[in-house]
Amino acid sequence: MTGPRRKAGVLAPQVEGYRAWLAQRGYTTLTIRNMLKDLGQVGLWLSRQGLDAADLDEEQLKHHLSDLQEAGRHRVAGPRGLVPLLTYLRQAGVVPGPQSSLSPAEALLEQYRSWMDSERGLSASTILRYENTARRFLAEQATAGGVFAPGALTGADLNAFLLRECTRVSAGSAKGRVAELRSLMRFLHVHGVIPMKLGGAVPPVGGWRFASVPPTMAPGDVQQLLDHTPRQGPVGVRDYAIIMLVSRLGLRSIEVARLLLDDVDWRSGEIVVRGKGRREDRLPLPTDVGEALVAYLSAARPEAQSRHVFLTCKAPRGPIRADLVGDVVERACRRAGAPKVGPHRLRHALAADMLRHGAGLTAIGQVLRQQDLATTALYAKVDFIALRAVARPWPGAAA
């Protein structure tokens, strides 16, 4: 016990646990060895300072790194490099969690974020967008003279904020602000922060729902993205399976990220899709999509405790974020020399292709998992051949 304790100071009892914790998250042997050296340096520094392991926090780590630099140490790890160590020590109960010093506004936003997740079932990207609007609105309309007073909000405050937003964003984004403000007002009323339901005071934004044609892609362009996605190596095999799910089944980015191993029913050839509002739908699993998933799961998916299908290829190993799906599609566009598009464009392309092959709007809505048929009806505008057949000639035009 003398050797390890001398090498790691007060953190010597945590060496083996930290080693196993790093191995579970996919770090390589060499990386683990270097990170254990960092643990030893921190433990010895704490011992020299007369501190216990429980005294470690972000501020103490800054002092430790500063002392190493002053001592002339080369290749000193930055603050981010020590985040895994502090995370492990807190999870193990060795170091207490960070003390909360949230302002009243930040505390309210924290409650709002939790409410959107647990009660509303919104995706992470939607929560972030709603939270950003709420933070800006509360800072501008609920704070006067440095005093945070959301209970005094009125309909005039909502109108003033929305009018300012409309001058700097598009009509579509302004409509999004309306939904975001109404969500915030609902939360504030439910939690007793405001006495009245102010959601009805948020005015609607003018604009025709079917004024635009949804952007789409030709089937050959979608196939070109697939053809230029490599099917070798962990990253290539994973990315190909992701693009197949998006292009063949129309999955949203968050639905790809949420996909679990248990959601794929290989016997019945079906897949469970966890969509908006905690909704779950079962879709048939096409053969080519199933083969892409098998290739990834059998040869490219790293070992991990997580039940999510798609994992990061670099340590720390864990479920992918929804925005990674956009990165995958963007890389495929660059390789194919095609204009940059997002994952949702492939979803539009699937709907347009089904329409060209004679599928009805109801069937398209079922595949895309859209509850409102009026939303699916927007895709009828992309079938220009069928529209030309029923369109009447413009008055006065030459026959």
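Start your tour at Gly358: this glycine follows helix H15 and has a positive phi, near 95°. Before moving on, note that this is a predicted model, in which local features need pLDDT of at least 70 and side-chain atom pairs count only at pLDDT 80 or more, while totals for chains, interfaces and linings use all residues. Residues are numbered from 1 along each chain as its sequence is written, and side-chain values use heavy atoms, with hydrogens and water left out.

**Helix H15**

Now select residues 343-356, which make up H15. Helices here are DSSP runs of H or I with at least four residues, strands are runs of E with at least two, and both are numbered from the N terminus. The 14 residues of H15 should span 20 Å at 1.5 Å a residue, and the end C-alpha atoms are indeed 20 Å apart. That expected span is 1.5 Å times one less than the number of residues.

Is H15 mostly covered or mostly bare? It is mostly covered, with 10 of its 14 residues buried. Buried means under 20% relative accessible area, exposed means over 50%, and partly exposed is in between (1.4 Å probe, protein chains only). Show the side chains of the buried residues, among them Pro343, Arg347, His348 and Met354. Their cover includes helix H10 (219-227), helix H11 (233-249), helix H12 (253-258), H14 and H16.

**Over to H16**

Pick Ala363 in helix H16 (residues 361-368). Ala363 is partly exposed, with a relative accessible area of 32%. Draw a distance from its C-alpha to that of Ala351: the two are 12 residues apart along the chain and separated by 9.7 Å. Ala351 is one of the buried residues of H15.

**A cis peptide bond**

Next, zoom in on Ala315 and Pro316, which are joined by a cis peptide bond with omega of about 0°. Most peptide bonds are trans. Pro316 sits in the loop between helix H13 (287-300) and helix H14 (323-336).

**The open sheet**

Switch to a cartoon view and find strands S3, S4 and S5, which form an open sheet in that order with antiparallel pairing. Two strands pair if DSSP finds at least two bridges between them. The edges are S3 (264-265) and S5 (280-284), each of which pairs on one side only. S3 is joined to S4 (residues 270-274) by two bridges. Select Asp265 and you will find Glu270 of S4 opposite.

**Helix H4 and its buried face**

Move to residues 58-70, helix H4, where 13 residues reach 19 Å from first C-alpha to last, close to the 18 Å expected. Which residues of H4 are buried? They are Leu61, His64, Leu65 and Leu68. Look down the axis of H4: these buried residues fall within an arc of 95°, so they line one face of the helix. The arc is that of the directions from the helix axis to the C-beta atoms. The buried residues of H4 pack against helix H3 (29-48) and helix H5 (83-91).

Check both ends too. Asp57 caps the N-terminal end of H4, with a side-chain oxygen 3.2 Å from the backbone nitrogen of Glu59. Just after H4, Gly72 takes a positive phi of about 85°.

**Gly40 in H3**

From H4, step across to Gly40 in helix H3. Gly40 is buried, at 9% relative accessible area. Its C-alpha lies 3.8 Å from that of Ala8, although the two are 32 residues apart in sequence. Beyond its neighbours within four places in sequence, Gly40 is in contact (heavy atoms within 4.5 Å) with Lys7 and Ala8.

**Two buried glutamates**

Select Glu180 in helix H9 (residues 171-190). With 2% relative accessibility, Glu180 counts as buried. What does the side chain of Glu180 make a polar contact with? The partner is the side chain of Arg129, at 3.1 Å. A polar contact is a pair of N or O atoms within 3.5 Å; within protein, one must be able to donate a hydrogen and the other to accept it, and residues adjacent in sequence count only if both atoms are side-chain atoms. Leaving aside neighbours within four places in sequence, Glu180 also touches residues including Tyr112 and Thr133.

Finish at Glu131, in helix H7 (residues 124-141). Glu131 counts as buried at 7% relative accessibility. Not counting residues up to four places away in sequence, Glu131 touches Leu109, Arg113 and Met116.
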